[in-house]
Amino acid sequence: MAGGYTFKGKLLLSIILFAFWVVLTATAVLYDLVLGAVCSAFVAALTVALLGRALDPDITPTVLLRLPWFILRLIWEIIKANYDVAKIIIDPRLPVDPRIVEYHTFLPGDLPRTVFSDSITLTPGTVTVDLDEDVLKVHCLCPYHEEGLSGLEEMVAWLFGVKKDG
C-alpha cells in the first residue's frame with residue numbers, strides 16, 4: 001500500500017513539475033519536453049528519497065484541478081478587499097476600528113488551515129496573527145471584516161473537498 005502511494009505520489013509530483021517546466025520554458029520542442037520529463041522524474045524521485053514522501057496527502061488531483069478556480073476566486077476577493085480598504089483610507093473620517101478576533105475553523109489538517117490563514121492574510125484589512133489547532137486569531141481593520149472570514153473558509157473547504165458538519 002505504501003509503495004503504491006509512493007509511486008502515485010511520485011507520478012503526481014512528476015506531472016506537476018513537468019507542467020511547471022512547460023509553462024516556464026514556453027516551448028514545445030521535443031528536446032526540451034524530453035529534458036523536462038527526465039528532470040521532473042528525477043526531482044520527484046529525489047524528493048521522495050530525501051523527504052520520505054512526494055506530496056502532502058491532502059494534495060490530490062481533485063485539489064489540483066480546483067486550484068486554478070480557487071486562485072481566481074481568491075484574486076477577486078483580494079480585489080474587493082483592496083477596494084474596501086482604499087475607500088476606508090480615502091474617507092476623511094478614517095472609519096477604522098481595529099481588533100483581534102478569534103475564529104474557530106472547521107477545516108481539518110494543517111494544509112487546509114494554513115491555506116485558509118494565508119488567504120486571510122492576502123486579503124487587505126485582515127491579517128492572521130496566530131493559528132493554534134482550530135482557532136485563528138485574526139487582526140481585522142474594521143468589525144465587518146470578520147464577516148468575510150466564513151466565505152474564505154468555505155472557499156478553502158471547497159478546494160479540499162471538506163464538508164462542514166451539521
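**Pockets and core of the predicted model**

When it comes to lining the largest pocket, α3 chips in the biggest share, with 5 residues. This is worked out on a predicted model, and in it the largest pocket encloses about 330 Å³ of space. Its lining runs to 16 residues, and the ones nearest the centre are Glu-77, Ala-81, Thr-123, His-145 and Gly-148. Both α3 and α5 hand over at least two residues to this lining. Sorted by class, the lining of the largest pocket is a mixed bag: 7 nonpolar, 5 polar and 4 charged residues.

What about the second largest pocket? Its volume comes to about 250 Å³. There are 13 residues around the second largest pocket, with Val-63, Leu-64, Leu-67, Ile-71 and Leu-159 closest to its centre. Two or more lining residues come from each of α3, α4 and α5, and α3 gives the most, with 7 residues. The class count here is 13 nonpolar, with no polar and no charged residues.

Then there is the packing inside. The largest nonpolar core is made of 20 residues, and Phe-116, Ile-120 and Val-138 have the most contacts within it. Helices and strands both pitch in: α3 (61-90), β1 (99-104), α4 (110-122), β3 (135-140) and α5 (149-160) each bring at least two residues to this core. The largest share belongs to α5, with 7 residues.

Which residues does Phe-116 contact, leaving aside its neighbours within four places in sequence? Phe-116 touches Tyr-103, Thr-105, Leu-107, Leu-136, Leu-149, Leu-152, Glu-153 and Val-156.

Conventions
Residues are numbered from 1 along each chain as its sequence is written. This is a predicted model: local features need pLDDT of at least 70, side-chain atom pairs count only at pLDDT 80 or more; totals for chains, interfaces and linings use all residues. Side-chain values use heavy atoms; hydrogens and water are left out. A nonpolar core is a set of buried Ala, Val, Leu, Ile, Met, Phe, Trp, Tyr and Cys residues joined through side-chain atoms within 4.5 Å. Buried means under 20% relative accessible area, exposed over 50%, partly exposed in between (1.4 Å probe, protein chains only). Helices (H or I, at least four residues) and strands (E, at least two) are DSSP runs, numbered from the N terminus. Contact means heavy atoms within 4.5 Å. On a 1 Å grid over the protein atoms alone, a cavity is a set of points where a 1.4 Å probe fits but cannot get out, and a pocket is an open set with protein on both sides within 12 Å along at least five of seven lines; lining residues have an atom within 4 Å of a point. Grid points are joined across faces, edges and corners, and a volume is the space filled by probe spheres set on the points. Ala, Val, Leu, Ile, Met, Phe, Trp, Tyr, Cys and Pro count as nonpolar, Asp, Glu, Lys and Arg as charged, and the others, Gly among them, as polar.
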